[in-house]
Amino acid sequence: MRYIARVSPALDTPDDWSTRHSVLTTARRTAALLNALADESPDPADVADVLRAYGEAEPVDLTAEDVRGMRVAAGLLRKVFAAEHADGAAAVLNRLLREHTGPLRLTSHGGGTPWHPHLDHDDDAPWDEWLLASSCMALTVLLWDRQRPPGRICASPSCLNVFVTQGSGPERRYCSRRCATRERVAAHRRSRSVDRPGD
């Protein structure tokens, strides 16, 4: 499985539900799931571990068929991360919202959670529908809030991980410091070999 940055353990306070299900956390969960689902044959247990790491309540029992459906949804969502500009990301999100989600609704999952919005068709929607709908909502809000693509695909040619962009300052190009360092070292080695062609 690809490297997936883990979130900190769930908070112990009763108010942690909102933190674990914030727009930014949901977008980061989307990126982690897309990275886990990018493998040719992801292990359902590994995908379930990502869901648990991002606060999904037990039981999280995924079948191979669930994961196949989630991989299709992940492929559609990856196009949002591939968009170079806000207009492109918005076009992809608008298409996904139009073709793959239900109307906006509020749910408390039968009183088990605080009220929150959903775009899937019902609380018992299959995993692939849930992934696509919840991800579209979070990525849409991030694009709306920041007026730029909500994420990127790592610029390292040896890495296809997606990541959520955030904050001010220069825009990130790499999913992790590890990828950024690897690319800087490779660029340095290439420049040294050009400077000394006879070596």
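Helices, as H or I runs of at least four residues, and strands, as E runs of at least two, are DSSP runs numbered from the N terminus.

**Figure 1. Overall arrangement of the predicted model.** In this predicted model, the protein has 7 helices and 4 strands, and from the N terminus on these elements follow one another in the order α-α-α-α-α-β-β-α-β-β-α. The protein comprises 199 residues, of which 41% count as buried. Among the contacts with a separation of 6 or more, 53% are accounted for by residues that are 24 or more positions apart.

**Figure 2. Helix α4 and the elements that surround its buried residues.** Helix α4 covers residues 64-82, and its 19 residues should span 27 Å at 1.5 Å a residue, a value with which the separation of 27 Å between its end C-alpha atoms agrees. The residues of α4 that are buried are Val67, Gly69, Met70, Ala73, Ala74, Leu76, Leu77, Val80 and Phe81. These buried residues pack against the helices α2 (23-37), α3 (44-53), α5 (86-100) and α6 (127-146), and also against the strands β3 (151-153) and β4 (162-164).

**Figure 3. Helix α2 and the surroundings of Leu34.** For the 15 residues of α2, a rise of 1.5 Å a residue gives an expected span of 21 Å, and the end C-alpha atoms are indeed 21 Å apart, which agrees. The helix is mostly covered, since 12 of the 15 residues in α2 are buried; among them are Thr25, Arg29, Thr30, Leu33, Asn35 and Leu37. Leu34, which lies in helix α2, counts as buried because its relative accessibility is 1%, whereas the limit for a buried residue is under 20%. When residues up to four places away in sequence are not counted, Leu34 touches Ala74, Leu77, Arg78, Phe81 and Val162. Of these partners, Ala74, Leu77 and Phe81 also appear among the buried residues of α4. The C-alpha atoms of Leu34 and Asn161 are separated by 7.9 Å, although these two residues are 127 residues apart along the chain.

**Figure 4. The largest pocket and its lining.** Rolling a probe the size of a water molecule over the atoms shows where empty space is left. The largest pocket has a volume of about 670 Å³ and is lined by 28 residues, with His21, His109, His116, His118 and Trp130 lying nearest its centre. At least two lining residues are supplied by each of α1 (16-20), α2, β2 (116-118) and α6, and it is α6 that gives the most to the lining, with 7 residues. By residue type, the lining divides into 12 nonpolar, 9 polar and 7 charged residues.

**Figure 5. The aromatic pair in helix α6.** The count of aromatic pairs in the model comes to 1. The ring centres of Trp127 and Trp130 are 5.4 Å apart and the ring planes stand at 85°, so the pair is edge-to-face, a class that requires planes over 60 degrees apart. Both Trp127 and Trp130 lie in helix α6, where they are 3 residues apart, or about one turn of the helix, and both of them are buried. Trp130 is also one of the residues nearest the centre of the largest pocket.

**Figure 6. Backbone geometry at Pro59, His109 and Gln147.** Most residues other than glycine have a negative phi, and most peptide bonds are trans. The peptide bond from Glu58 to Pro59 is cis, with omega near 0°, and Pro59 is found in the loop between α3 and α4. His109 is not a glycine, yet its phi is positive at about 50°; this residue is found in the loop between β1 (105-107) and β2 and is partly exposed, with a relative accessible area of 32%. Gln147, likewise not a glycine, has a positive phi of about 55°, and its place is in the loop between α6 and β3. With a relative accessible area of 56%, Gln147 is exposed.

**Figure 7. Pro157 in the loop between β3 and β4****.** Pro157 has a relative accessible area of 72% and is therefore exposed, the limit for this class being over 50%. The C-alpha atoms of Pro157 and Cys179 are separated by 9.5 Å, and the two residues are 22 residues apart along the chain.

Note on methods:
Residues numbered from 1 in each chain as written. Predicted model: local features only at pLDDT ≥ 70, side-chain atom pairs only at ≥ 80, totals over all residues. Heavy atoms only, no water. Expected span 1.5 Å × (residues − 1). Buried < 20%, exposed > 50% of the residue type's maximum accessible area, 1.4 Å probe, protein only. Contact = heavy atoms within 4.5 Å. 1 Å grid on protein atoms, 1.4 Å probe; cavity = no way out; pocket = protein on both sides within 12 Å on 5 of 7 lines; lining within 4 Å. Points joined across faces, edges and corners; volume = space filled by probe spheres on them. Nonpolar A, V, L, I, M, F, W, Y, C, P; charged D, E, K, R; others polar. Phe/Tyr/Trp six-rings, centres within 6.5 Å; stacked < 30°, edge-to-face > 60°.
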